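Here is a short report on selected helices and one surface patch. The chain and its model come first.

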Amino acid sequence: MPAQPRTEVSSPPAGPLGREPEARQLTEAVTRLRRALRSSIRTDYPWETLPMAQVELLQVLGEHSPARISDLAARRRLAPSTVSGLIGQMITAGLVTRDVDATDRRASVVALTDAGREKLAAWTTAHERRIDAALAALDDSARAAIKDALPALFQLAEHLGEPADGAAED
């Protein structure tokens, strides 16, 4: 595959109150990364058709399974009705099962099926291969900068998960 030309990122003008544009640049970088990854996966792996919302639910279930719809909705910050609809599609596709919650027989829980685990593993492997290839195309200093930024990016994700006003959740 031929190397893609480098695109220089121009610095956007300072934001409100004269603040530096880091938030805007990070937003743009994350948007471009997600778009490029989604596009390249669909090109390199045309079998990959799972919507991102379903992939994210599979990822949560891969870590926390079985789970109630309300728990999945809270973890993904989606409406329970949205998660319920996605889970219905995933049940039809054979990726998850719905069972009675052993601790509260009035509630139900969903869990990954073997097919769901396989699909999640294939999705993860395809994305890791694609990212590995892109990282390999970078010079050592760029790879090191990305590696060094990972802890801060995880911290940023944690802060983004907090309420906007900074108040602690109950």
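Glutamine 54 lies in helix H2. In this predicted model, glutamine 54 has a relative accessibility of 6%. The cut-off for buried is under 20%, so glutamine 54 counts as buried. Leaving aside neighbours within four places in sequence, glutamine 54 is in contact with Leu86, Gln89, Met90 and Leu95.

Glutamine 54 shares its burial with other H2 residues: Val55, Glu56, Leu57, Leu58, Val60 and Leu61 are also buried. In helix H5, the buried residues include Gly116, Leu120 and Trp123. Ala126 and His127 of H5 are buried as well.

The lengths of H2 and H5 can be checked against a rise of 1.5 Å a residue.

| Helix | Residues | Number of residues | Expected span | Distance between end C-alpha atoms |
|---|---|---|---|---|
| H2 | 52-63 | 12 residues | 16 Å | 17 Å |
| H5 | 114-136 | 23 residues | 33 Å | 32 Å |

For H2, the end-to-end distance agrees with the expected span. The distance for H5 agrees too.

Now the surface. Leu26, Val30, Ile146, Leu150, Leu153, Phe154, Leu156 and Leu160 make a nonpolar patch of about 700 Å². Two helices, H1 (22-44) and H6 (140-160), are the elements that give two or more residues to the patch. Which helix supplies the largest share? H6 does, with six residues.

Leucine 160 is one of the patch residues, and it lies in H6. Its relative accessible area is 61%. Exposed means over 50%, so leucine 160 is exposed.

Conventions: Residues numbered from 1 in each chain as written. Predicted model: local features only at pLDDT ≥ 70, side-chain atom pairs only at ≥ 80, totals over all residues. Heavy atoms only, no water. Helix = DSSP H or I, 4+ residues; strand = E, 2+ residues; numbered from the N terminus. Expected span 1.5 Å × (residues − 1). Buried < 20%, exposed > 50% of the residue type's maximum accessible area, 1.4 Å probe, protein only. Patch = residues over 30% accessible without salt bridge, like charges linked within 9 Å, V, L, I, M, F, W, Y side chains within 5 Å. Areas by Shrake-Rupley, 256 points an atom, 1.4 Å probe, with all protein chains shown as cover. Salt bridge = Lys/Arg side-chain N within 4 Å of Asp/Glu carboxyl O. Contact = heavy atoms within 4.5 Å.
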